Amino acid sequence: MIISRKDKLLYIKIIHTVIWLFFNVVIFYLLYTAIVNKIDKWTWICIGLVLMEGLVLMAFKMFCPLTVIARKYSDSTANNFDIFLPNWLAKYNKLIYTTIFSIAVIIVVYRLVVD
């Protein structure tokens, strides 16, 4: 059975979206624990996961590896060609989530220093 380019791109979009959802949970859990001052081992795991994701992005010149793979199956110039997100969110995704992550880490550091 041969899988078409369109189907390959669809599978990549599904996987990419699931990973994006996972990192939303990670980042918002981190923010939640920082705000309510419930810093636990999961807070640190979240920070580690996001930092590892950042290293992966840096290794791929600020592109997700799935985006690099998806380029083989699409000529689209849309920001959301490889993920099920609105185009504006796909375009500003790194900026939005880096800002939320940074705020959460600042709050965690503040909690550790002050409390």
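**Entry 1: helix 2 and helix 4**

I looked up the handedness of the crossing of helix 2 and helix 4, and it is left-handed. The model is a predicted one. Helix 2 covers residues 41–59 and helix 4 covers residues 87–114. Their axes come within 12 Å and cross at roughly 140 degrees. I checked that angle against the cut-off for roughly antiparallel, which is over 145 degrees. Helix 2 and helix 4 are therefore entered as oblique to each other.

I then listed the residues that make the contact. Helix 2 supplies Thr43, Trp44, Ile47, Val50, Leu51 and Leu57. Helix 4 supplies Lys94, Phe101, Val105, Val108 and Leu112. By class I noted nine nonpolar residues, one polar and one charged in the contact of helix 2 with helix 4.

**Entry 2: helix 1 and helix 4**

Next I took helix 1 with helix 4. The axes come within 8 Å, and the crossing angle is roughly 30 degrees. Angles under 35 degrees count as roughly parallel, and helix 1 and helix 4 are therefore described as roughly parallel to each other. The crossing of helix 1 and helix 4 is left-handed.

On the helix 1 side I wrote down Trp20, Asn24, Ile27, Phe28, Leu30, Leu31, Ala34 and Ile35. On the helix 4 side the contact is made by Leu89, Asn93, Tyr97, Ile100, Phe101, Ile103, Ala104, Val105, Ile107, Val108 and Arg111. The residues of the contact of helix 1 with helix 4 divide into 16 nonpolar, two polar and one charged.

**Entry 3: helix 1 and helix 2**

The remaining pair I looked up was helix 1 with helix 2. Their axes cross at roughly 135 degrees and come within 9 Å. That angle makes helix 1 oblique to helix 2. I recorded a left-handed crossing for helix 1 and helix 2.

From helix 1, the residues that meet helix 2 are Phe22, Phe23, Val26, Ile27, Tyr29, Leu30 and Thr33. Their partners in helix 2 are Trp42, Thr43, Cys46, Ile47, Leu49, Val50 and Glu53. The class count for the contact of helix 1 with helix 2 is eleven nonpolar, two polar and one charged.

**Entry 4: the largest pocket**

I turned to the largest pocket and noted about 950 Å³ of space in it. Its lining has 37 residues. Glu53, Leu57, Cys64, Asn93 and Lys94 lie nearest the centre of the largest pocket. I had already met Glu53 in the contact of helix 1 with helix 2, and Leu57 and Lys94 in the contact of helix 2 with helix 4. Asn93 was on my list for helix 1 with helix 4.

The elements that give two or more residues to the lining of the largest pocket are helix 1 (5–35), helix 2, helix 3 (65–70) and helix 4. Helix 2 gives the largest share of the lining, ten residues. By class I entered 24 nonpolar, eight polar and five charged residues for the lining of the largest pocket.

**Entry 5: the whole chain**

Last, I checked the secondary structure of the protein chain, which comes to four helices and zero strands. The pattern along the sequence is α-α-α-α. I also noted the span of the C-alpha trace along its principal axes, about 60 × 25 × 25 Å.

How values were computed. Residues are numbered from 1 along each chain as its sequence is written. This is a predicted model: local features need pLDDT of at least 70, side-chain atom pairs count only at pLDDT 80 or more; totals for chains, interfaces and linings use all residues. Side-chain values use heavy atoms; hydrogens and water are left out. Axes are lines fitted to C-alpha atoms, for helices over the stretch in contact, and angles run from 0 to 180 degrees between N-to-C directions. Angles under 35 degrees count as roughly parallel, over 145 as roughly antiparallel, 65 to 115 as roughly perpendicular and the rest as oblique. A crossing is left-handed if the near helix is turned anticlockwise from the far one by less than a right angle, and right-handed if clockwise. Contact means heavy atoms within 4.5 Å. Ala, Val, Leu, Ile, Met, Phe, Trp, Tyr, Cys and Pro count as nonpolar, Asp, Glu, Lys and Arg as charged, and the others, Gly among them, as polar. On a 1 Å grid over the protein atoms alone, a cavity is a set of points where a 1.4 Å probe fits but cannot get out, and a pocket is an open set with protein on both sides within 12 Å along at least five of seven lines; lining residues have an atom within 4 Å of a point. Grid points are joined across faces, edges and corners, and a volume is the space filled by probe spheres set on the points.
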